[in-house]
Amino acid sequence: MKAAVLYRAGSADELILEERAVPVPAKGQVLVRVKAFGLNRSELMTRKGLSPNVQLPRILGIECVGEVENDPSGQYAKGQRVMAMMGGMGRDYDGSYAEYTVLPNYLLHPFQSTLPWNLLGAIPEMFQTVHGSLHLALDIQPGETLLIRGGTSSVGMLATQLANNAGLTVIATTRNAQKEMALFNNGASQVLIDDGHLANKVRAVFPEGIDKVLDLVGTSTLNDSLHCIKPGGTGCMTGMLAESWSITDFAPMEYIPATVRLTVYDSGQITSPTAVFRKFLHEVEAEQVKLPVSQLFRLEQIVEAHRFMEQNEGVGKIVVLT
C-alpha cells in the first residue's frame, strides 16, 4: 500500500510517500481501506515537531472515512462504511495518511450514505468538534449571539451554519479582508476583521457584549475573546490555529473577567455518539448543511496539501482522497 510517512519533524517535504505492507489487524482491531481523510492543524503541529509525545517514524492522520477490509471479530462485514477519528490515531499509532490503516474497533462509527467520499472525508473531526463545542461546551440556545473567532477555518465555517440553523446570531472573524464575503455567504450576520484586538469592535456593536464566544485561534487571542463576552456568558477555546499550547504567567483572577465562564472542547476527551453523526449525514444529504470543503488532493499530493494548509490559502476543510 502507499503511505505518507514522517521520519523526522520539519517542513512538508519531510512527508515521504512510500510502499509499505498492508498491516494485519490484531484482536480488537479492524483493517480499514481508507477512502478519504481531512487535514487538521494538529497534524501540522506534529509534523513541525510541536507534539513531543509523538514518536517517529509515524504515519500521521487523526481521522478517516473508508470501508472495512477485515474485521477478525466478525462484528463488521467487509465493505461496511465507517468513519473514525482521534483515539490516538496518527499519534500513538499509525493513522490515515495511507491506503489502509488498522484501528481499534471501538473507534469506528458505521454508517450508510449517498454522499461521495470527497464530502464524507470532510466530516468526522470537523463535525465532532463543531457539535462538541456548540452543544456540549457552549450549550448554545436560540436567540443568543455567538462570536466565532477563526471563522474561515473548516470548524468555523460549519459552526456558523449549525449555529444559524439553531437560531443564533453569528458574528464571524477573519484576518484577511478578502475572505469577508465568503463568511457572509456562509451565513454570518456580521464579519469583523481580526487584528488581534476585537473587544472594542464588539462592544461598539454589542455594548453589553456577546453571549457566547467560540475561539478557534487559541491562546494568543483568548484573553481578548473573553473580554468580548457579557457577564454570565461563556467562552470556549477549541482550536489552536496560533499553534501555541500554553499561556505564559496565567493569572486567572486577572485573565478572566468576573462572572464570565471559560471552558474548552477537546474531542480527544469527549466524543460524539454514532447516532449524532448519522443524523448529521442526513442533514447534509437533505442539503440543510453545505459542507465547507476548501480543496481536494490525492494521497500522492500530501506534501502540496500540507503546504496549502500551512499557507492558510483556503476557506474550509482540506480533503485528501486515497
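What follows is a dialogue about reading side-chain contacts, burial and helices in this predicted model.

Reader: I would like to begin with charges, so how many salt bridges does a search of the whole structure find?

Author: The search of the whole structure finds 16 salt bridges. One of them joins the side chains of Lys2 and Glu19, at 3.9 Å from N to O, and this pair links distant parts of the chain, with Lys2 in strand E1, Glu19 in strand E2 and their positions 17 residues apart. Lys2 is partly exposed at 29% relative accessibility, whereas Glu19, at 57%, counts as exposed.

Reader: Are Lys317 and Glu63, which also meet in a salt bridge, buried or exposed?

Author: Both Lys317 and Glu63 are buried. Their side chains meet at 2.9 Å, N to O, and the pair again links distant parts of the chain, since Lys317 belongs to strand E15 and Glu63 to strand E4, 254 residues apart.

Reader: How should I read a salt bridge within one helix, and which helix holds Lys279 and Glu283?

Author: The general idea is that an α-helix has 3.6 residues a turn, so residues three or four places apart point the same way. Here, Lys279 and Glu283 are four residues apart in helix H9 (residues 274-285), and are therefore separated by about one helical turn. Their closest N and O atoms are 2.7 Å apart. Lys279 is exposed, with a relative accessible area of 52%, while Glu283 counts as buried because its relative accessibility of 19% falls under the 20% limit.

Reader: Turning to rings, how many aromatic pairs are there, and what geometry do Phe250 and Tyr255 adopt?

Author: The count comes to five aromatic pairs. Phe250 and Tyr255 form an edge-to-face pair, with 5.1 Å from centre to centre and 70 degrees between the planes; the label follows because planes over 60 degrees apart count as edge-to-face. Phe250 is partly exposed at 40% relative accessible area, and Tyr255 is buried at 10%. Elsewhere, Phe127, Phe277 and Phe280 form one aromatic cluster, and the charged end of Arg81 sits over the ring of Trp117, 4.3 Å from the ring centre.

Reader: How do I follow a polar side chain that is buried, and which backbone atoms does the side chain of Ser153 reach?

Author: It helps to place the residue, check its accessibility and then look for polar partners. Ser153 lies in the loop between strand E8 (145-149) and helix H4 (154-165), and counts as buried at 15% relative accessibility. A polar atom of the Ser153 side chain lies 2.8 Å from the backbone oxygen of Gly150, and the side chain of Ser153 also reaches the backbone nitrogen of Gly156, at 3.0 Å. Thr322, in the segment after strand E15, is buried at 18% relative accessibility, and a polar atom of its side chain lies 2.4 Å from the backbone oxygen of Val34. Beyond its neighbours in sequence, Thr322 touches several residues, including Lys35, Phe37, Ala98 and Arg298.

Reader: Finally, how many residues of helix H3 are buried, and what covers the buried residues of H10?

Author: Helix H3 is mostly covered, with 12 of its 14 residues buried, among them Phe127, His131 and Leu134. H3 reaches 18 Å from its first C-alpha to its last, close to the expected 20 Å, and is followed by Asp139, whose phi is positive, near 50 degrees. In helix H10 (residues 302-310), the buried residues include Ile302, His306 and Phe308, and what covers the buried residues of H10 includes strands E1, E2 and E3, helix H1, and strands E14 and E15. Just after H10, Asn312 takes a positive phi of about 55 degrees.

Notes:
Residues numbered from 1 in each chain as written. Predicted model: local features only at pLDDT ≥ 70, side-chain atom pairs only at ≥ 80, totals over all residues. Heavy atoms only, no water. Phe/Tyr/Trp six-rings, centres within 6.5 Å; stacked < 30°, edge-to-face > 60°. Buried < 20%, exposed > 50% of the residue type's maximum accessible area, 1.4 Å probe, protein only. Lys NZ or Arg CZ within 6 Å of the ring centre and 35° of its normal. Helix = DSSP H or I, 4+ residues; strand = E, 2+ residues; numbered from the N terminus. Contact = heavy atoms within 4.5 Å. Polar contact = N/O pair within 3.5 Å; in protein donor to acceptor, adjacent residues only side chain to side chain. Expected span 1.5 Å × (residues − 1). Salt bridge = Lys/Arg side-chain N within 4 Å of Asp/Glu carboxyl O.
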